Amino acid sequence: MERLIEYAGNHPWLVAAAVFTALLVIVFELRTRQQDFAAISPQEAIRLMNQGALVLDLRKPEDFAAGHINGARRMDSAEILKAGETLKKHKEKPVLVYCETGSLGASAARILAGQGFTKAVNLRGGLAGWRAENLPLSKDAATTRAAAKNLAKADASKLDKPREKEQAG
């Protein structure tokens with residue numbers, strides 16, 4: 001033990017680096033466990049969906065329109081805080097939440113569990129994990145048309161700007 005103390009006294013930077021590295025490993029492990037809160041694989045998610053699970057998509061409306069898990073209901077992440085009131089009838093049923101990568105979904109599943117949802121789970125890896133498994137995505141026709149219309153308007157306004165410059169010049 002005396003030699004260890006002597007070594008630490010002679011090499012303070014090396015000891016500090018070792019302690020710092022150990023702390024980083026601990027923080028990384030804790031974050032990983034926190035993000036995996038009630039996380040399930042895409043295959044387990046499909047099994048839950050077949051049993052009638054409520055599927056909540058926490059992504060932005062335009063991302064939802066671009067493609068989502070079939071039967072998913074889009075919900076803002078802020079609405080999760082009030083989900084205990086709005087989704088009362090699903091408290092005893094399986095609830096699957098997902099975002100793009102799974103980190104926001106883990107937080108949402110934790111919040112739902114705190115509100116009394118006994119079977120709230122997160123899709124491990126989020127929609128990126130779903131895509132990695134080459135699983136299908138669904139697009140609502142109405143939502144897709146609205147997104148296409150907004151894109152067409154944006155493209156049209158970009159085309160009009162060069163004409164305005166030509167007329168001014």
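Two strands are taken to pair if DSSP finds at least two bridges between them. Helices (H or I, at least four residues) and strands (E, at least two) are DSSP runs, numbered from the N terminus. The structure is a predicted model, in which local features need pLDDT of at least 70 and side-chain atom pairs count only at pLDDT 80 or more, whereas totals for chains, interfaces and linings use all residues. Residues are numbered from 1 along each chain as its sequence is written, and side-chain values use heavy atoms, with hydrogens and water left out.

The secondary structure of the chain comprises 8 helices and 5 strands, which follow the pattern α-α-β-α-β-α-β-α-β-α-β-α-α along the sequence. Of the 169 residues, 29% are buried, where buried denotes under 20% relative accessible area, exposed over 50%, and partly exposed the range in between (1.4 Å probe, protein chains only). The accessible surface of the chain amounts to about 11,300 Å², and 58% of this belongs to carbon and sulfur atoms; areas were obtained by the Shrake-Rupley method with a 1.4 Å probe, and for residues only the protein chains shown count as cover. Among contacts (heavy atoms within 4.5 Å) with a separation of 6 or more, 71% link residues 24 or more positions apart.

The 5 strands form an open sheet with parallel pairing, in the order β1-β5-β4-β2-β3. Strands β1 (39-40) and β3 (73-74) each have a single partner strand and stand at the edges, so one side of each is left without a neighbour in the sheet. In general, the strands of a sheet pair through backbone hydrogen bonds, either parallel or antiparallel.

At one edge, β1 runs parallel to β5 and is joined to it by 2 bridges, with Leu123 in β5 as the bridge partner of Ile40. Strand β5 (120-123) also pairs with β4 in the parallel sense, over 3 bridges, and Leu96 stands opposite Val121 of β5. Strands β4 (residues 95-98) and β2 (residues 54-57) are paired in parallel over 4 bridges; here Leu56 has Val97 as its bridge partner, and Asp57 has Tyr98. Asp57 also stands opposite Arg74 in β3, and the parallel pairing of β2 with β3 extends over 2 bridges.

Side chains in a regular strand alternate between the two faces of the sheet. In β2, Leu54 and Leu56 point one way and Val55 and Asp57 the other, and all are buried. Both faces of β5 are likewise covered, with Ala120 and Asn122 buried on one side and Val121 and Leu123 buried on the other. Helix α6 (residues 103-114) lies across β4 and β5 and runs at about 180° to β5; axes are lines fitted to C-alpha atoms, for helices over the stretch in contact, and angles run from 0 to 180 degrees between N-to-C directions.

On the surface, Val19, Leu23, Ile26 and Leu30 make a nonpolar patch of about 390 Å². Patches consist of residues with over 30% relative accessible area and no salt bridge, like charges being joined within 9 Å and nonpolar side chains (Val, Leu, Ile, Met, Phe, Trp, Tyr) within 5 Å; a salt bridge places a side-chain nitrogen of Lys or Arg within 4 Å of a carboxyl oxygen of Asp or Glu. Ile26 is located in helix α2 (residues 12-35) and is partly exposed, at a relative accessible area of 48%.

Asn134 lies in the loop between α7 (126-132) and α8 (141-168) and is exposed, with a relative accessible area of 70%. The phi of Asn134 is near 55°, a positive value in a residue other than glycine. Most residues other than glycine have a negative phi.
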